[in-house]
Amino acid sequence: MSTTAEQTLTAAELAAVRADFPLLERTVRDGQPLVYLDSAATSQKPECVIDAEQDFYLRRNAAVHRGAHALAEEATTAYEEARETVAAFVGVASDELVWTKNATEAINLVAYAMSNASVGRGAPASAALAVGPDDEIVVTEAEHHANLVPWQELCARTGAALRYLTVTDTGRIDLTSLDVITERTKLVALTHASNVTGAISPVTEVVAAARAVGALVLLDACQSVPHLPVDLKALDVDFAAFSGHKMLGPTGIGALYGRRELLEAMPPVLTGGSMVEVVTMTSTTYAPPPTRFEAGTQMVAQSVGWQAAAAYLAELGMPALAAHEAHLTAHLLDRVRTIDGVQILGPSTPEDRIGAVAFVVDGVHPHDVGQILDAAGIAIRVGHHCAQPLHRRLGVQSSARASIGVHTTIAEIDYFAEHLARVREFFGRP
Amino acid sequence: MNDAMTQLYQQVILDHARERHGYGLVTGHAGESFQVNPTCGDEIRLRVHLDTTGPAPLLERVSWEGMGCSISQASASVLTDLVRGVSVAQADELAETFRELMNSRGRSLSSAKDEMLGDAAAFTGVAQYPARIKCALLGWMALRDALAHALTQAPPAEEKNGMNNDD
């Protein structure tokens with residue numbers, strides 16, 4: 001990320017941002033001001049997102065894509081306009097964006113569509129998505145379980161083999177392991193930015209390796225889209241998954257981007273109402289994408305809330321926000337790195353990383369670290385962060401993680417670091 | 001450090017977390033259990049050693065290994081001391097009383113029960129933190145499971161304890 005001072009948020013802008021988040025005003029644990037450093041798990045919501053969802057229920061609530069009454073029309077318009085806003089936010093066309101329950105479901109949607117293609121559903125158009133015993137799926141050691149387990153399951157169902165890119169001691173994807181991508185590779189699934197180490201993946205290099213052998217690429221963009229300008233077309237990936245709740249939007253909604261011709265070739269996964277064209281007692285024809293993949297009543301209010309979140313971030317400006325967060329991340333890394341007995345997992349300098357910083361404290365279990373910080377009103381994540389293989393690779397069982405959000409301040413990072421520095425003493429570690 | 005934390009992390013707990021009693025697996029056991037807490041990856045392998053020479057089996061000793069937070073490690077260590085030489089029925093009663101303490105939301109139990117729990121009563125504060133209760137219970141769940149295996153002569157099972165994952 002290249003940044004210049006004038007691109008970052010000013011103090012006044014940051015104060016205005018904080019005022020947009022009602023939850024930040026509350027206290028926790030006997031009156032401690034809340035210091036929320038867990039945005040990588042889920043983000044807090046600005047008032048405009050909460051208002052947008054409420055306004056939908058107050059004034060426009062109806063089922064979408066069915067019924068011809070005025071409310072149904074307004075609700076359908078709101079739902080499709082939300083899709084346009086969120087799609088534009090990541091640089092894709094709205095008919096290439098499928099709403100899902102969350103990013104996990106988005107990844108599973110691709111895995112199950114490939115599974116269905118593998119038994120001939122959607123043939124012949126779906127042939128490019130079919131996998132069998134001669135094929136391989138490639139993931140990385142850095143993946144969240146959501147971008148690992150669905151591929152393990154796809155391989156178990158189809159007989160395909162699962163291979164993976166390794167990560168280095170500093171948590172970077174090891175480009176010397178790119179040779180696991182071969183003519184047998186059907187799909188490469190990787191994270192854009194690790195939810196543990198914060199490391200941004202070398203997407204360009206991985207996409208080039210995949211293209212060279214005709215493999216598809218799926219990007220888990222959950223951690224990148226909320227914090228960086230992301231243009232999925234420019235990244236040239238075939239699929240991408242991300243979620244609303246990590247980017248200031250509501251829970252209960254995520255999205256799958258798929259290249260148009262791939263979505264058109266994909267057989268459906270969840271089937272039932274709304275996603276059909278003609279249904280007889282013996283057979284059914286399916287709607288074009290994205291509707292083909294949106295069976296049943298949809299999460300309309302959440303889509304409207306997510307639209308408001310995307311608009312809020314776009315108004316702040318993602319380049320300015322990324323520059324602001326890069327500045328905060330550098331400060332967070334400086335503070336954590338210089339505490340005795342604390343080791344950062346992953347890159348300890350701010351290049352090519354986001355503001356999720358995982359660390360271990362010598363002689364103190366992450367749960368205990370989190371407990372002491374919680375008593376001071378500081379919310380961080382502890383555990384394996386749904387990335388057990390990555391922790392195993394980095395030689396630890398679990399870790400603590402502080403992650404910044406749009407509303408994080410330098411003063412909050414300093415407060416966090418001061419309390420972190422006292423944890424070892426509390427547990428009697430010299 | 002604030003009062004809430006010194007209430008939670010009683011000196012007994014900090015001491016046992018640093019010097020864990022019964023740590024190190026011993027052979028000749030009658031039953032074994034392996035428990036994990038998928039939320040944080042904490043795990044324990046615990047063995048029970050029975051004295052079956054008398055009319056009712058006595059819990060001669062417990063040995064264990066594991067990794068986890070200070071609460072889980074101290075709880076297993078305190079447990080080791082508490083159940084040494086008690087009958088299987090008494091061990092079960094201790095485990096049940098400790099479970100009751102964990103469900104007490106931080107209120108003390110009756111003085112008789114408190115006395116029965118000895119050092120384990122120091123975990124009262126844990127019950128105020130729902131996310132930590134399973135840490136304190138991990139060793140006790142392993143004890144009950146290991147005893148069940150010992151008494152039914154069933155082979156030790158490698159199983160999860162049914163706790164839910166976080167996300």
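The exercises below, each with a worked solution, concern a predicted model with chains A and B.

**Exercise 1. The fold of chain B**

Determine how many helices and strands chain B has, and in which order they follow one another along the sequence.

Solution. Begin with the count of elements, which for chain B comes to six helices and three strands. Then read these elements along the sequence, where the pattern is α-α-β-β-β-α-α-α-α.

**Exercise 2. The dimensions of chain B**

Work out what radius of gyration a compact globule of 167 residues would have, and compare that value with the one for chain B.

Solution. The expected value for a compact globule with 167 residues is near 15 Å, and chain B has 15 Å, so the two agree. Next, take the extent of the C-alpha trace of chain B along its principal axes, which is about 50 × 40 × 25 Å. Turning to burial, 50% of the 167 residues of chain B count as buried. As for sequence separation, among the contacts in chain B between residues at least 6 apart, 59% join residues at least 24 apart. Finally, chain B exposes about 7600 Å², of which carbon and sulfur atoms supply 49%.

**Exercise 3. Chain A as a globule**

State how many helices and strands chain A has, and explain why chain A may be called as compact as a globular protein of its length.

Solution. Chain A contains 14 helices and 17 strands. For its 430 residues the globule rule gives 22 Å, and because the radius of gyration of chain A is 22 Å, close to that value, the chain is as compact as a globular protein of that length. The C-alpha trace of chain A spans about 70 × 55 × 40 Å along its principal axes. Of the 430 residues in this chain, 57% count as buried, and 71% of the contacts with a separation of 6 or more are accounted for by residues 24 or more positions apart. The area that chain A exposes is about 16500 Å², with carbon and sulfur atoms supplying 53% of it.

**Exercise 4. Charges on the two chains**

Find how far apart the centres of positive and negative charge lie in chain A and in chain B.

Solution. In chain A, the centres of the 31 positive and the 50 negative side chains lie 5 Å apart. In chain B, the mean positions of the 14 positive and 22 negative charges are 3 Å apart.

**Exercise 5. Three loop residues**

Classify A:Asp174, A:His245 and B:Ser87 as buried, partly exposed or exposed, and describe the surroundings of each.

Solution. First, A:Asp174 is located in the loop between strand S6 (161-165) and strand S7 (185-191) of chain A. Its relative accessible area is 22%, and since buried requires under 20% and exposed over 50%, A:Asp174 is partly exposed. The side chain of A:Asp174 makes a polar contact with that of A:Thr176 at 2.7 Å, while beyond its neighbours within four places in sequence A:Asp174 is in contact with A:Thr166, A:Val167 and A:Thr168.

Second, A:His245 belongs to the loop between strand S9 (239-243) and strand S10 (254-258) of chain A, and with 17% relative accessibility it counts as buried. Leaving aside neighbours within four places, the residues in contact with A:His245 include A:Ala41, A:Thr42, A:Ser43 and A:Lys45, as well as A:Pro250.

Third, B:Ser87 is placed in the loop between helix H3 (70-82) and helix H4 (88-102) of chain B. Its relative accessibility of 17% makes B:Ser87 buried, and, not counting residues up to four places away in sequence, B:Ser87 touches B:Pro57 and B:Leu58.

Conventions:
Residues numbered from 1 in each chain as written. Chains lettered and ligands numbered in written order. Predicted model: local features only at pLDDT ≥ 70, side-chain atom pairs only at ≥ 80, totals over all residues. Heavy atoms only, no water. Helix = DSSP H or I, 4+ residues; strand = E, 2+ residues; numbered from the N terminus. Rg over C-alpha atoms; globule rule 2.2 N^0.38 Å. Buried < 20%, exposed > 50% of the residue type's maximum accessible area, 1.4 Å probe, protein only. Contact = heavy atoms within 4.5 Å. Areas by Shrake-Rupley, 256 points an atom, 1.4 Å probe, with all protein chains shown as cover. Lys, Arg positive; Asp, Glu negative; His and termini not counted. Charge placed at Lys NZ, Arg CZ, Asp CG, Glu CD. Polar contact = N/O pair within 3.5 Å; in protein donor to acceptor, adjacent residues only side chain to side chain.
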